[in-house]
Amino acid sequence: MCGVQSSRFTSGLIFALVSSSSFGLSGTIAKSLLDTGWSAGAAVTARIAVAALALLAPAAFALRGRLHLLADRRVLGTMAGYGMIAVALPQLCYFYAVMTLQVAVALLIEFTAPVAVMVWMWLRHRQRPTWLTVAGAAIAALGLAMVLQMFGGVSLDTAGVAWALGAMLGAAGYFILSAHAASELPGIALAAGGLVAAAIGLGAAGAVGVLPMAMDTSRVELGGRTLPWWVAVALLALVTAALAYVTGIAAGRRLGARLASFIALTEVLAAVIFAWALIGQVPAPIQFAGGALILVGVVGVKLGERIPIRTDQLDLPGA
């Protein structure tokens, strides 16, 4: 049994790191499109729509013999909820947040999502965090602030903070739904269904003018090379959406929402490294130190989860 648990944790950790690294690449690729005249709404909609199309065939294959699940209203509701809450909500809210907030501030607020997950697991499922988990969370939060170089003057805007909090709630929903939603549904099918729902929602928002849509077919600069715009869109969709969501769901189901959400903090570190490698934004020493603290914090959260939980902390039937 210990061997099975160890193997499950190892595979979950690998999936979580692949997911966070894939998500971390999105900012650098998206910037290459935004610099040529794409609107944020068009970039995120293209990213999600192309990813949804790419996952339809693999999802259908994974559902062979279980297509009856798609007639289940609960399963369809789960897909729609995942698409709106876990996919569309955090991305839209984040893009609106950075219109009036510094990017680092918006990211810091959004990445308090692991704390929201921890509180949810405590209140909803009575999984009280141990002192090691809380200490690990505090260390990881400090490391996050260092990676984002939050020390110094910070400009806040009420509307921007509200949008960033919306992104945080969406991110928390992503971890919770990835770990627990419709476990009988293959992860790749949940990802595909969620992406389809999000693409439809974003497309509708663009059609009625709520979400500005602007595209440009100019070549983009990425990694010191000039590439066709569709290459950037393909990378944004296939790597930072399709791959990221599928592996994120796999990680959540193996590690649980709380641990997976803390490991996902490495996304910020990955974003800094990709920006360094592809667009020449050299990270400061404090960012490397912050990355180390994030890793220490994640280890603390994991060690905290290995402490035996008392009977009053266990999930109750029907909870």
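What follows is a tutorial dialogue about how to read a predicted model of one protein chain.

Biologist: Hello! Where should I begin, and how many helices and strands does the chain have?

Modeller: Begin with the overall make-up, and keep in mind that this is a predicted model. The chain has twelve helices and two strands. Reading along the sequence, you meet them in the pattern α-α-α-α-α-α-α-α-β-β-α-α-α-α.

Biologist: What share of the 319 residues is buried?

Modeller: Buried residues make up 47% of the chain. As for contacts, take those with a separation of 6 or more: 87% of them join residues 24 or more positions apart.

Biologist: Now to pairs of helices. How do I read the way α2 and α3 cross?

Modeller: Look at the distance and the angle between the two axes. Helix α2 covers residues 40-62 and helix α3 covers residues 73-97; their axes come within 10 Å and cross at roughly 160 degrees. Angles over 145 degrees count as roughly antiparallel, so α2 is roughly antiparallel to α3. The crossing of this pair is right-handed.

Biologist: Which residues of α2 and α3 meet?

Modeller: From α2 come A40, V44, R47 and I48, and from α3 come V87, Q91 and F95. Sorted by class, this contact has five nonpolar residues, one polar and one charged.

Biologist: Let me try another pair. At what angle do the axes of α8 and α9 cross?

Modeller: They cross at roughly 130 degrees and come within 9 Å. That angle makes α8 oblique to α9. The crossing of α8 and α9 is right-handed.

Biologist: And which residues of α8 and α9 touch?

Modeller: On the α8 side you find G187, I188, L190, A191 and L195, and they meet Y245, V246, I249 and R253 of α9. The contact of α8 with α9 divides into seven nonpolar residues, one polar and one charged.

Biologist: Why do I keep hearing about nonpolar cores?

Modeller: The general idea is that nonpolar side chains tend to be buried together in soluble globular proteins. In this model, the largest nonpolar core has 44 residues. Those with the most contacts inside it are I48, Y82, L185, L195 and Y245.

Biologist: Which helices supply at least two residues of this core?

Modeller: They are α2, α3, α5 (113-125), α7 (158-180), α8 (187-207) and α9 (229-255). Helix α8 gives the most, with nine residues.

Biologist: I would like to zoom in on one core residue. What does Y82 touch?

Modeller: Leaving out residues up to four places away in sequence, Y82 touches V87, Y174, L177, S178, L190, A191, G194, Y245 and I249. You have already met Y245 as one of the residues with the most contacts inside the largest core.

Modeller: There is also a second, separate core of 29 residues, which includes C93, A167, L259 and V268.

Biologist: Let me look up V268, then. Is V268 buried or exposed?

Modeller: With a relative accessible area of 4%, V268 is buried, because buried means under 20%. V268 lies in helix α11, residues 266-279. Its C-alpha atom is 8.9 Å from that of F23, although the two residues are 245 apart along the chain.

Biologist: Is A164 buried or exposed?

Modeller: A164 counts as buried, at 1% relative accessibility. A164 sits in helix α7. Apart from residues up to four places away in sequence, A164 touches A97, L101, A106, I109 and E110. For the last of these, E110, the C-alpha to C-alpha distance from A164 is 5.7 Å, while the two are 54 residues apart in sequence.

Biologist: What about W122: in which helix is its place?

Modeller: W122 is in helix α5. With a relative accessible area of 41%, W122 is partly exposed. Setting aside residues up to four places away in sequence, W122 touches Q127, R128 and P129.

Biologist: One last residue, please. What is the relative accessible area of V296?

Modeller: The value for V296 is 46%, so V296 is partly exposed. V296 belongs to helix α12, residues 285-306. The C-alpha atoms of V296 and G143 are separated by 8.9 Å, and the two residues lie 153 apart along the chain.

Biologist: Thank you! I will go back to the structure and find these residues.

Technical notes. Residues are numbered from 1 along each chain as its sequence is written. This is a predicted model: local features need pLDDT of at least 70, side-chain atom pairs count only at pLDDT 80 or more; totals for chains, interfaces and linings use all residues. Side-chain values use heavy atoms; hydrogens and water are left out. Axes are lines fitted to C-alpha atoms, for helices over the stretch in contact, and angles run from 0 to 180 degrees between N-to-C directions. Helices (H or I, at least four residues) and strands (E, at least two) are DSSP runs, numbered from the N terminus. Angles under 35 degrees count as roughly parallel, over 145 as roughly antiparallel, 65 to 115 as roughly perpendicular and the rest as oblique. A crossing is left-handed if the near helix is turned anticlockwise from the far one by less than a right angle, and right-handed if clockwise. Contact means heavy atoms within 4.5 Å. Ala, Val, Leu, Ile, Met, Phe, Trp, Tyr, Cys and Pro count as nonpolar, Asp, Glu, Lys and Arg as charged, and the others, Gly among them, as polar. Buried means under 20% relative accessible area, exposed over 50%, partly exposed in between (1.4 Å probe, protein chains only). A nonpolar core is a set of buried Ala, Val, Leu, Ile, Met, Phe, Trp, Tyr and Cys residues joined through side-chain atoms within 4.5 Å.
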